[in-house]
Amino acid sequence: VSERDSFWRALSKQQQQEVYEERHLKFISSLGKGNFGRVDLCRYDPLGDNTGEMVAVKQLQSSKQSNMADFQREIQTISSLHCDYIVKYRGICYSAGRLSMRLVMEFLPFGSLISYMEKYKHIITTRRMLLFTSQICKGMEYLQHMRYVHRDLAARNILVSSDTLVKIADFGLTKIVPLDKEYYRVTQSGESPIFWYAPESLSEYKFSHKSDVWSFGVLLHELFSYCELSRNPKRLSLHRIGGDIQSAMMTVHLFNVLKENWRLPAPALCPPKVYSMMMQCWAFNSEDRPTFSILQDLIESSLQDERE
Ligand SMILES: C=CCCn1cc(-c2nc(Nc3ccc(C4CCNCC4)cc3)nc3[nH]ccc23)cn1
């Protein structure tokens, strides 16, 4: 055992973060399922004495070629991001047998914002919700600075690290905006979260920092609705456009009601300044939407109101 210990201690912290051997990755429980992936809670225990760290490990469900390419891109993305408000990359675990690899990330104990709000909605304060909003906004400012468009900003993709820290997760749909353009145009739609989509994403498959701002407004609505299922964006939008239409027409109907200036209604007890922030994120024309840095100022101003 001793020379194995010395091997591990010899590896620098950085290298240790990169190399995860499958035989030391002990499955504990399943944490969640995404479109093509699954995330498990594991203990990485090279010393075999249960002192190893807990990690979240994502692997593909289907080894379809296209999904493998997307997974590679997701790993490339998350490993290039270094921000307190974005879930941390730990490394890769190559499994000898199967061709698939696994993405090792920091484990966030409280799970998604949705399960957190369901559990703590009776004790969470407006100030705390504005603190979370500010952290997500800072994460998005960093993402924009790195020229990434998230494309799936929603409460389900925000993870809770502690009672005072949330992080942006799940970069499965994230794309890099080309240097010569201000937006990324998607070819296939796949499992699209259309109720979080900006009008130009619905009609032209265009995604930009400004369409991320639209989704940020929808996320704000989820948060200030305490992520209640009865008030979630999909349910409220379907109620407006009529829930019985088939999915192909849903995008068209949703675009039309947005064009006619329908928006998600103000959540109960939502501070007026916060609803006003959402409405600014939902400007039909993308150039009329605030930047994440302007949103940061608006959030700070709302926080001031809550302090007095
Ligand atoms: C493709 C998959 C979908 C997206 N996804 C991401 C994760 C995930 N989860 C956690 N922590 C976590 C902690 C507690 C709970 C519990 C479970 C029982 N009920 C209450 C909540 C759930 C999750 N940390 C993470 N780091 C990196 C990813 C990640 C999970 N799913």
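Reader: Which strand gives the most residues to the shell around the ligand?

Author: In this predicted model, local features need pLDDT of at least 70 and side-chain atom pairs count only at pLDDT 80 or more, while totals for chains, interfaces and linings use all residues. Residues are numbered from 1 along each chain as its sequence is written, and side-chain values use heavy atoms, with hydrogens and water left out. At least two shell residues come from each of strand 1 (25–33), strand 2 (37–44), strand 3 (53–60) and strand 5 (101–106), where strands are DSSP runs of E with at least two residues and helices are runs of H or I with at least four, numbered from the N terminus. The largest contribution, three residues, is that of strand 1.

Reader: How many residues surround the ligand, and which are the closest?

Author: A residue is near the ligand if one of its heavy atoms lies within 4 Å of it. By class, the shell has nine nonpolar, five polar and four charged residues; Ala, Val, Leu, Ile, Met, Phe, Trp, Tyr, Cys and Pro count as nonpolar, Asp, Glu, Lys and Arg as charged, and the others, Gly among them, as polar. The shell holds 18 residues, the closest being Gly 34, Val 39, Glu 106, Leu 108 and Gly 111.

Reader: How much of the ligand's area does the protein bury?

Author: A nitrogen atom of the ligand lies 2.8 Å from a backbone N or O atom of Glu 106, and a ligand nitrogen is 2.7 Å from a polar backbone atom of Leu 108. Taken alone, the ligand exposes 660 Å² (Shrake-Rupley method, 1.4 Å probe). Of that area, the protein buries 74%.

Reader: What is the geometry of the ring pair formed by Phe 110 and Tyr 116?

Author: The structure holds nine aromatic pairs; rings of Phe, Tyr and Trp (its six-membered ring) pair if their centres lie within 6.5 Å, and planes under 30 degrees apart count as stacked, over 60 as edge-to-face and the rest as tilted. Phe 110, Tyr 116, Tyr 120 and Phe 132 are linked into a cluster by ring pairs. The centres of Phe 110 and Tyr 116 are 5.7 Å apart with planes at 80°, so this pair is edge-to-face.

Reader: Are Tyr 197 and Phe 207 buried or exposed?

Author: Their ring centres lie 5.0 Å apart with planes at 75°, so the pair is edge-to-face. Tyr 197 is in the loop between strand 10 (184–185) and helix 6 (199–204) and Phe 207 is in strand 11 (residues 206–207), so the pair ties together parts 10 residues apart in sequence. With buried meaning under 20% relative accessible area, exposed over 50% and partly exposed in between (1.4 Å probe, protein chains only), both Tyr 197 and Phe 207 are buried.

Reader: How many disulfides are there?

Author: A disulfide is a pair of cysteine sulfur atoms within 2.5 Å. For Cys 137, the nearest cysteine sulfur is that of Cys 281, 8.4 Å away. For Cys 227, the nearest is that of Cys 270, 13 Å away. The count of disulfides is zero.

Reader: Where is Asn 261, a residue with positive phi?

Author: Most residues other than glycine have a negative phi. Asn 261 has a positive phi near 70°, and at 58% relative accessibility Asn 261 counts as exposed. Its place is in the loop between helix 9 (247–259) and helix 10 (272–281).

Technical notes: A polar contact is a pair of N or O atoms within 3.5 Å; within protein, one must be able to donate a hydrogen and the other to accept it, and residues adjacent in sequence count only if both atoms are side-chain atoms.
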